[in-house]
Amino acid sequence: MNKRALITGSSTGIGFEYAKHLSKEGWSLDLISQNKARSLESKNKLSYKKAQFHIFDLGKKDSINSIVNNFETPDLIVANAGIAINGAIGDIKQDEREYFYYLMCGGVIDLIEGFIPKMLYKRNGRIVIISSIGAKASMPKSSLYSSIKAGIYAYGKSISTELKSQNISVTVSLPGYVRTQAHERAGLDHLIKKVPRWMWINPEQVVLETEVASLKGKFEIIPGKIYKIVKPFLNFKIATKIWRKITNRN
Ligand SMILES: NC(=O)c1ccc[n+]([C@@H]2O[C@H](COP(=O)([O-])OP(=O)(O)OC[C@H]3O[C@@H](n4cnc5c(N)ncnc54)[C@H](OP(=O)(O)O)[C@@H]3O)[C@@H](O)[C@H]2O)c1
């Protein structure tokens, strides 16, 4: 087994679990995150010889260019890095909006477009994009996050059709609430208390279901039973009302 995976946002949460999962299967790993201390912590925790740890701020174009120009072509790309963004319309400054958009949408597209010629040459490969169930729902006060995740979802869905005949599978994963550091880091601690336990799933489950879907060549996966059940009702007024109530700070 000499397969190579590139995972963005590998230091914690879903990305770290993805790295753990692939390490058990003997993959060589290029693991990217931005914070040195957290990267080192993940290195110690993973303790895996075939992993290389890299520091990049993926919200910057230079980082993506450097990765595309210098890294070995991956057999699997897991585009996962991201942050939770909360803010009502008008609250987030233009430069911040641009940065967030590049981190979770434009930069993901640049990364994939950068590697795709070489992946096509190999006529083999997989791409996994971690979007969010927010791509399919109305998310008042998280409109920027929702639109970014919808943008990358639409891109993934389209290229999955385009690349199918070339033996490259593209899978977009759309998780709901996942028990990671994302909400705490974004100052959304109230969600951890307010969102009912049954609405949270573990990052391990996200990884397992996403990998199964990717290996089967499915273009979309919504991890967790509860989210599969609620999916048809996501855009009902009542669902938005309940969601607003649950996520309200007060
Ligand atoms: N948790 C949820 O409920 C949930 C739900 C749906 C979708 N998602 C999506 O899942 C993905 C992973 O999030 P998570 O929940 O696992 O959160 P997490 O535990 O906070 O992990 C986020 C990862 O992304 C990396 N990252 C963030 N900004 C970066 C940047 N500018 N440059 C490089 N790396 C960066 C972090 O690296 P550092 O440690 O170096 O900062 C970390 O490794 C995100 O795209 C998120 O939107 C999460």
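This tour moves from the whole protein chain to a single loop residue and its partner. The model is a predicted one.

Begin with the entire protein chain in a cartoon representation. Its secondary structure comprises 10 helices and 9 strands. The radius of gyration is 17 Å, close to the 18 Å given by the globule rule for 250 residues, so the chain is as compact as a globular protein of that length. With the view reduced to the C-alpha trace, the extent along the principal axes is about 50 × 40 × 35 Å.

Next, display the contacts within the chain. Among those between residues at least 6 apart in sequence, 68% join residues at least 24 apart.

Then switch to a surface representation. The protein chain exposes about 13,000 Å², and carbon and sulfur atoms supply 53% of that area. Of the 250 residues, 52% count as buried.

Now select the charged side chains. The protein chain carries 38 positive and 21 negative side chains. The centres of these two sets are 7 Å apart.

For a local stop, select A88. This residue is found in the loop that runs between β4 (76–79) and α4 (94–122). Is A88 buried, partly exposed or exposed? Its relative accessibility is 24%, and buried requires a value under 20% while exposed requires one over 50%, so A88 counts as partly exposed.

Finally, add K141 to the selection and draw a distance between the two C-alpha atoms. A88 and K141 are 53 residues apart along the chain, and their C-alpha atoms are separated by 4.1 Å.

Terms used: Residues numbered from 1 in each chain as written. Predicted model: local features only at pLDDT ≥ 70, side-chain atom pairs only at ≥ 80, totals over all residues. Heavy atoms only, no water. Helix = DSSP H or I, 4+ residues; strand = E, 2+ residues; numbered from the N terminus. Rg over C-alpha atoms; globule rule 2.2 N^0.38 Å. Buried < 20%, exposed > 50% of the residue type's maximum accessible area, 1.4 Å probe, protein only. Contact = heavy atoms within 4.5 Å. Areas by Shrake-Rupley, 256 points an atom, 1.4 Å probe, with all protein chains shown as cover. Lys, Arg positive; Asp, Glu negative; His and termini not counted. Charge placed at Lys NZ, Arg CZ, Asp CG, Glu CD.
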